[in-house]
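Please open the structure in the viewer and keep the sequence panel visible. The tour below proceeds by selection.

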Amino acid sequence: EDPQLLPAEARERAHLAAARVRAERGEYTAAAYHFGKSGEADAAVQVWYPHRQQEIGRGQAAAALGIFEKLSQRRLPEVEAEALALIKAELYQLLGETDLGLAELENVDLWEDSETSIQAHLLRGTFLNSLGYPNQALEKLEDGVATIARLLQQLVRFRHQRTIVYIQQWQLQDAIEEARLAQYTTEHLQGQIHEQQGNYDEAYLAYQRALLLAQTINHESGVAQTNRDLATLLMRQSRLDEARQHLQIALDYYEAIG
């Protein structure tokens, strides 16, 4: 029977059932389509956003944009509205619609300190630079760096508190590991702050200390992150050969840890 001939409620139930089946099979773009048709726009965003890079890699960018362009941010909770704006901006970028991508980000209020706001700053910087506004692009990228610094400060506080709890529970090995992670985060944060302030020599030393700590405790994502930021710093200093070496190490680690 043609789903379009069903009553609206039955049609929505059919789409919702199809969405769940597609999601269970890992067919996230198809699941988002059916969630949207079922009236569950927030579920469409929730199911696609964490898997967007995977779906883009499968060649689903154009199909996904056709789905998400039809969804209204005004009808979504705040978090899903942010994610929807980011989804559409990224897809516009991939399809060469830079102006539309930038407009999408300008039309939504983002939480100041959130993952989506960091990615939005990066996209805005990319869009503005490609449109021929390098100074404005740098401002947006600096906003992203500042946001990361604030989030890292919060991470240090959380790790400190976790260390205290582990000590109270006599989980001393866990406490030691947590303290070392906090020390790594602090050193990496110092590097980012120095870099943001233009103190490149101090930033380099802080990143090197962070990298040594990450290697000592086998903190693979930390090794990748610090090598990536070292590469960025060295490129700012026109030390391109060194930058390439650190960037390659970062890429190797990111590939290894997925």
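Select helix 10 first, which spans residues 172-196 and contains Leu172. In this predicted model, Leu172 has a relative accessible area of 42%. Leu172 therefore counts as partly exposed, since that class lies between the buried limit of under 20% and the exposed limit of over 50%.

Add Ile167 and Trp170 to the selection and display the surface. Together with Leu172, these residues make a nonpolar surface patch of about 370 Å².

Next, display the whole chain as a cartoon. How many helices and strands are there in the chain? The chain has 13 helices and zero strands. Accordingly, the pattern read along the sequence is α-α-α-α-α-α-α-α-α-α-α-α-α.

With the whole chain still selected, turn to its surface and its contacts. The chain exposes about 14,700 Å², of which carbon and sulfur atoms supply 50%. Of its 258 residues, 40% count as buried. Among contacts between residues at least 6 apart in sequence, 54% join residues at least 24 apart.

Now select helix 5, residues 61-68. Which residues of helix 5 are buried? They are Ala61, Ala64, Leu65, Ile67 and Phe68. These buried residues lie on the same side of helix 5, because they cover an arc of only 160 degrees around the axis. An α-helix has 3.6 residues a turn, so residues three or four places apart point the same way.

To see what lies over that side, add helix 2 (28-37), helix 3 (41-48) and helix 6 (78-94) to the selection. These three helices are among the elements that cover the buried residues of helix 5.

Proceed to the loop between helix 11 (200-216) and helix 12 (220-236), and select Asn218 there. The phi angle of Asn218 is near 55 degrees, a positive value in a residue other than glycine. Is Asn218 buried or exposed? Its relative accessibility is 59%, so Asn218 counts as exposed.

The final stop is Ser238, in the loop between helix 12 and helix 13 (240-257). What is the phi angle of Ser238? It is near 60 degrees, again a positive value in a residue other than glycine. Ser238 has a relative accessible area of 59% and is therefore exposed.

Technical notes:
Residues numbered from 1 in each chain as written. Predicted model: local features only at pLDDT ≥ 70, side-chain atom pairs only at ≥ 80, totals over all residues. Heavy atoms only, no water. Helix = DSSP H or I, 4+ residues; strand = E, 2+ residues; numbered from the N terminus. Buried < 20%, exposed > 50% of the residue type's maximum accessible area, 1.4 Å probe, protein only. Contact = heavy atoms within 4.5 Å. Areas by Shrake-Rupley, 256 points an atom, 1.4 Å probe, with all protein chains shown as cover. Patch = residues over 30% accessible without salt bridge, like charges linked within 9 Å, V, L, I, M, F, W, Y side chains within 5 Å. Salt bridge = Lys/Arg side-chain N within 4 Å of Asp/Glu carboxyl O. Arc of directions from axis to C-beta.
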